[in-house]
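Below are some comments on the predicted model, set out as numbered points for your own checking against the coordinates. They take up helices, sheet, interface and charged pairs in turn.

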Number of protein chains: 2
Amino acid sequence: MKIIIIGATGTIGKHVANALAEGNEIIKVGSKSGDFQVDITDPASIKSLFEKVGPFDALISTSGDGHFGPFNKLTDTEFRVGVNSKLMGQVNLVLIGQHYINPKGSFTLTSGSMADDPIVLGSAVSAVNGAINSFAKAAAIELENGVRINAVAPTVVEESPSYFPFFKGQIPVSMHRVAQAYVKSVLGAQTGEVYWVL
Amino acid sequence: MKIIIIGATGTIGKHVANALAEGNEIIKVGSKSGDFQVDITDPASIKSLFEKVGPFDALISTSGDGHFGPFNKLTDTEFRVGVNSKLMGQVNLVLIGQHYINPKGSFTLTSGSMADDPIVLGSAVSAVNGAINSFAKAAAIELENGVRINAVAPTVVEESPSYFPFFKGQIPVSMHRVAQAYVKSVLGAQTGEVYWVL
């Protein structure tokens, strides 16, 4: 199976790449590193990526920026960091990628637990995560040729200790559990699901 | 209670205005009609509205555009109609409005059942609805001075028969039930809730 991983050198992406390495062709994509580069905030850059990579069987996105900051100072511009990157970046990977993916292929996007379980400073990211979850549910009923889509919604992960102070009381999840949610999406047969890793 | 209704002359807004008319001062706001006008896609227009209206006790938004269209032709530009209007428009009503609302005031936004219950042609709207629901949950834990926020998520309503063909099998909800969800949000005491009207 030819699997594109967007964000393949990131905290989650590298574990997902390792988990799927055996028996698959992994195309590692980053903003600056990897086999190919893409700016997911730019639809032209996404289209160029698919033209270069060619037909594929699965796309996993573990990428997307977002702004954390206090609600009483939050601005439109700050809020749109996540809207333009984590939301529209991942949406455009699917909108454009649907024209390059092989029949019975799959898209797996990344949202996050904050969609339903918010933290202080996180409202812009919560909104984006909720949008991704609903997008996956909706896109699933329209994608053609048996193409599937799911979202993975992890809470804070063990390898991101810098985030721990913002998730007080939250037990971080292991990278193994997170990576396996992506494996389940790609190698399973479900569609329109949100895989919570909590 | 001084209540601003954005979208007050729309299908839902006019029923909400009627339901809350007795004993309250209702400020009706529309894009082109009402006591005041606002372009919710423009933060400067929103700020100007609040400067004109002055301090208030509740803001209800029943406004926001979105694009319906087939997934296999959907573009970034079409998807962003809802992102810029129904999502960022309502988000900015809260981000800016929090600096004008009275203590113990409330914001009530509108999402929709499609966040969890998608229809064909609706993926862009589903995503926006999911974002609004998660935003309300997240904003609720940071709003200060006892200010509350909820979202109302209605399915197709009885007064919108042009939408019925897109919601096959869905029993439309009465305008009374929809309006009362907004009343519950404004006159109740809950925060961070999504009121599904299904």
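1. Helix α3 of chain B is largely enclosed by the rest of the structure, because 18 of its 22 residues are buried. The helix is not straight, since a bend of about 40° is found at M88(B). In chain A, helix α3, which spans residues 76-97, likewise bends by about 40°, here at M88(A), and with 18 of its 22 residues buried α3(A) is described as mostly covered.

2. The sheet of chain B is an open one built from 7 strands, which follow one another in the order β3-β2-β1-β4-β5-β6-β7 with parallel pairing. Its edges are formed by β3 (36-37) and β7 (194-197) of chain B, each of which pairs on one side only. Helix α3 (residues 76-97) of chain B packs on this sheet, where it touches β1, β4 (56-61), β5 (101-110) and β6 (148-154) of chain B, and the direction of the helix makes about 175° with that of β5(B).

3. For one strand pair of this sheet the detail can be given: β1 (residues 2-6) and β2 (residues 25-30) of chain B run in the parallel sense and are joined over 5 bridges. Within β2(B), the residue that stands opposite I5(B) is K28(B).

4. What does the interface between the two chains amount to, in residues and in area? On the chain B side 41 residues are in contact with 41 residues of chain A, and the area buried between chain B and chain A is about 3300 Å², to which carbon and sulfur atoms contribute 63%. Within chain B, the residues that lose the most area to chain A are F71(B), N72(B) and E142(B), which together account for 21% of what that side buries.

5. Side chains of opposite charge can pair when their charged atoms come close. Over all chains the structure holds 8 salt bridges, while the count between chain B and chain A is 2. A salt bridge also joins the side chains of K137(A) and D116(B), with a distance of 3.0 Å from N to O.

6. Within chain A, the side chains of D76(A) and R80(A) meet in a salt bridge at 3.1 Å, N to O. Both residues belong to helix α3 of chain A, where D76(A) and R80(A) are 4 residues apart, or about one turn of the helix. Are D76(A) and R80(A) buried or exposed? Both D76(A) and R80(A) are buried.

7. In helix α2 (residues 43-53) of chain B, E51(B) and K47(B) are also set 4 residues apart, about one turn of the helix. E51(B) forms a salt bridge with K47(B), and their closest N and O atoms are 3.5 Å apart. K47(B) counts as partly exposed because its relative accessibility is 42%.

8. A further salt bridge is formed by E159(B) with K14(B), whose closest N and O atoms lie 3.7 Å apart. E159(B) is placed in the loop between β6 and α5 (175-187) of chain B, and K14(B) in helix α1 (residues 13-20) of chain B, so the pair ties together parts that are 145 residues apart in sequence. E159(B) is partly exposed, its relative accessible area being 38%, and K14(B) also counts as partly exposed, at 39% relative accessibility.

Conventions. Residues are numbered from 1 along each chain as its sequence is written. Chains are lettered from A and ligands numbered from 1 in the order in which they are written. This is a predicted model: local features need pLDDT of at least 70, side-chain atom pairs count only at pLDDT 80 or more; totals for chains, interfaces and linings use all residues. Side-chain values use heavy atoms; hydrogens and water are left out. Two strands pair if DSSP finds at least two bridges between them. Helices (H or I, at least four residues) and strands (E, at least two) are DSSP runs, numbered from the N terminus. Contact means heavy atoms within 4.5 Å. Axes are lines fitted to C-alpha atoms, for helices over the stretch in contact, and angles run from 0 to 180 degrees between N-to-C directions. The bend at a residue is the angle between axes fitted to the seven residues ending there and the seven starting there. Buried means under 20% relative accessible area, exposed over 50%, partly exposed in between (1.4 Å probe, protein chains only). Buried area is the accessible area (1.4 Å probe) that two parts lose on being put together, summed over both. A salt bridge is a side-chain nitrogen of Lys or Arg within 4 Å of a carboxyl oxygen of Asp or Glu.
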